Amino acid sequence: MKNLQHLFDNNVAWAEKIKANDPGFFDRLSEQQTPDYLWIGCSDSRVPATQIVNLPPGEVFVHRNIANVVVHNDTNCLSVIQFAVEVLKVKHIIVCGHYGCGGVKAAVEDQDHGLINEWLAHIKEVKQKHLAELADLTADQKNNRMCELNVIEQVKHVSETAAVQNAWKNGNALSIHGWIYDISDGILHDLDATLPAN
Ligand code: CO
């Protein structure tokens, strides 16, 4: 299929369904977006941000990359955070990882993946920090725990960005959350890594 017609057909059916339920939906959305949430998640096709939390378009500002990593010199991710915090004034930033993350697994198993090695190095740093805790785990347990530890680490990285620091200095209500999604049952879990900690 040269032009992916089935995706355009899906799109028309989707838009018609929404309009049938709420005729003004797209008119309202075209005026502005006022999402309360910034979602920083993995690019994995099994972890689609808005569908998992069952929210319609307009509710979640989204940034996804391999293994939901927040790096301090990644202008792409930093720009998303800054725009979300300073312009959209989101109230919550959610870093959401998932069990069975291929990016985390690749970093943990230390294989050569070419260009992506540089990106995975950020996850290897997380592993280095927690070697003692990981030492006694089976391979599967280690991968799953690393998926959790990676989220907790990235929550800290988000908290250290200038945009978030300024928001807190100005007394803005802004929380950062660390969640993990289980692709085997579709359920989200809070890792209790919320900042600021109460
Ligand atoms: Co992943």
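This is a short chat about a cobalt site and the sheet beside it in a predicted model.

Q: Which protein atoms hold the cobalt ion?
A: The protein donors (N, O and S atoms within 2.8 Å of the metal, or 3.2 Å for Na, K and Ca, with water not among the atoms, so sites may look incomplete) are Cys-42 (SG), His-98 (NE2) and Cys-101 (SG), lying 2.0 to 2.3 Å from the ion. Along the chain they follow the spacing C-x55-H-x2-C.

Q: Where do the two cysteines sit?
A: Cys-42 is in strand β1 (residues 37-42) and Cys-101 is in the loop between β3 (92-98) and α5 (102-109), 59 residues apart; helices (H or I, at least four residues) and strands (E, at least two) are DSSP runs, numbered from the N terminus.

Q: Buried or exposed, those two?
A: Cys-42 and Cys-101 are both buried, meaning under 20% relative accessible area, with exposed over 50% and partly exposed in between (1.4 Å probe, protein chains only). As for β1, 5 of its 6 residues are buried, so the strand is largely enclosed by the rest of the structure.

Q: Switching to the sheet, what does β1 pair with?
A: Strand β1 runs parallel to β2 (residues 60-65) with 6 bridges, and parallel to β3 over 5 bridges, where pairing requires at least two DSSP bridges between two strands. Ile-40 has His-63 as its bridge partner in β2 and stands opposite Val-95 in β3.

Q: And what are the ground rules for the numbers?
A: Residues are numbered from 1 along each chain as its sequence is written. Local features need pLDDT of at least 70, side-chain atom pairs count only at pLDDT 80 or more, and totals for chains, interfaces and linings use all residues, while side-chain values use heavy atoms, leaving out hydrogens and water.
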